[in-house]
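Please read these comments alongside the coordinates; they concern one pair of packed helices and two backbone torsions that deserve a second look.

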Amino acid sequence: MTTTDHRVALVTDSTCDIPRDIARSHDIIIVPQMLIWGTEELRDHIDISPKEFYERLTRDPVHPSSSQTDIRTFRQLFEELRDAGIQEILLILLSDQFSGTISSARQASELVQGVTVHIVNSMTASMGLGFQVLAAARARAAGGTVADMIAAAEAVRERIHLLLSVETLEYLHRGGRIGGAAKLIGTALQLKPMLEVNARLGRVEPVERTRTRRRAIQRLYEVFCERVDPARPARIAVMHGNALEDAEALAERVRNDYNLIELIVTSTSPVIGVHTGPGALGLCGYNEPD
């Protein structure tokens, strides 16, 4: 049985990469995306953890794929929340350019009576989505309405920056999520691509490429500092695909250089890892108004 302590239920999907303890502390409901691995159907973060996923990814000859949260899962959740006395549900979900999750949620909402469902397209993924959800949760905790929660999420979306360094474009290419970075295919042999998830366009865009991992991580940090001002109050996340040591080193640089309000270090979910691969590192964040 799904319950919430608030009059408005706040729901997102497992690609948000919000650490589960933080999600619980904010009363955020996370629905799992699906991982298809051969004949197995695995619920993201439930049937398979990020650690288990990345370890298996490097040794299993079968390449997994991802699948959106289905209509039945959303319908069951909406009915449980309604039966628990919830009258409004706000969903902030993975960009519709990356997944049909929003479509599933909309179709499910049309099948359930007695509760009002609001759906927001985050236009991004990972902590680009996660930070929007957390902003909505803070607005709710301050006594805000659904409209206030949506406005808080949209304000973050206007300021959010998400940069990602991947070891190879192979996984994005296989998953069909490569977007504007497709122009790097054929020129990226032995190179480490840096990508941006553009929350204004809802797609992956190329930034640059470097020859070594060390240089790639350095440039990731430098470009991020150009986008998110270290001198102004900031909320930042470091995301990694089974590369905790590198992520912690990046986080330490952020702690030393930034005027931090919040810093989160998190592993990218299996469903995102299908497309970004092992060893990926990301920086996501935004400046709060002074």
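1. His45 is partly exposed, its relative accessible area being 27%, and this value should be read with the reminder that the model is a predicted one. The residue belongs to the loop that runs between strand E4 (40-43) and helix H2 (50-57). Its phi lies near 75 degrees, which is a positive value in a residue other than glycine.

2. Most residues other than glycine have a negative phi, and a second exception should be checked beside the one above. Ser126, although not a glycine, has a positive phi of about 50 degrees, and this serine is found in helix H5, which covers residues 126-141. Is Ser126 buried or exposed? Ser126 is buried, because its relative accessible area of 6% falls under the 20% cut-off.

3. The helix pair can be described by the angle between the two axes and the distance between them. Helix H8 (residues 213-227) packs against helix H9 (residues 244-257) at an angle of about 35 degrees, and their axes are 12 Å apart. The crossing in which H8 passes H9 is right-handed.

4. On the H8 side, the contact is made by Arg213, Ile217, Gln218, Leu220 and Tyr221, while H9 contributes Asp246, Leu250, Arg253, Val254 and Asp257. Sorted by class, the residues in the contact of H8 with H9 are five nonpolar, one polar and four charged.

Note on methods: Residues are numbered from 1 along each chain as its sequence is written. This is a predicted model: local features need pLDDT of at least 70, side-chain atom pairs count only at pLDDT 80 or more; totals for chains, interfaces and linings use all residues. Side-chain values use heavy atoms; hydrogens and water are left out. Axes are lines fitted to C-alpha atoms, for helices over the stretch in contact, and angles run from 0 to 180 degrees between N-to-C directions. Helices (H or I, at least four residues) and strands (E, at least two) are DSSP runs, numbered from the N terminus. A crossing is left-handed if the near helix is turned anticlockwise from the far one by less than a right angle, and right-handed if clockwise. Contact means heavy atoms within 4.5 Å. Ala, Val, Leu, Ile, Met, Phe, Trp, Tyr, Cys and Pro count as nonpolar, Asp, Glu, Lys and Arg as charged, and the others, Gly among them, as polar. Buried means under 20% relative accessible area, exposed over 50%, partly exposed in between (1.4 Å probe, protein chains only).
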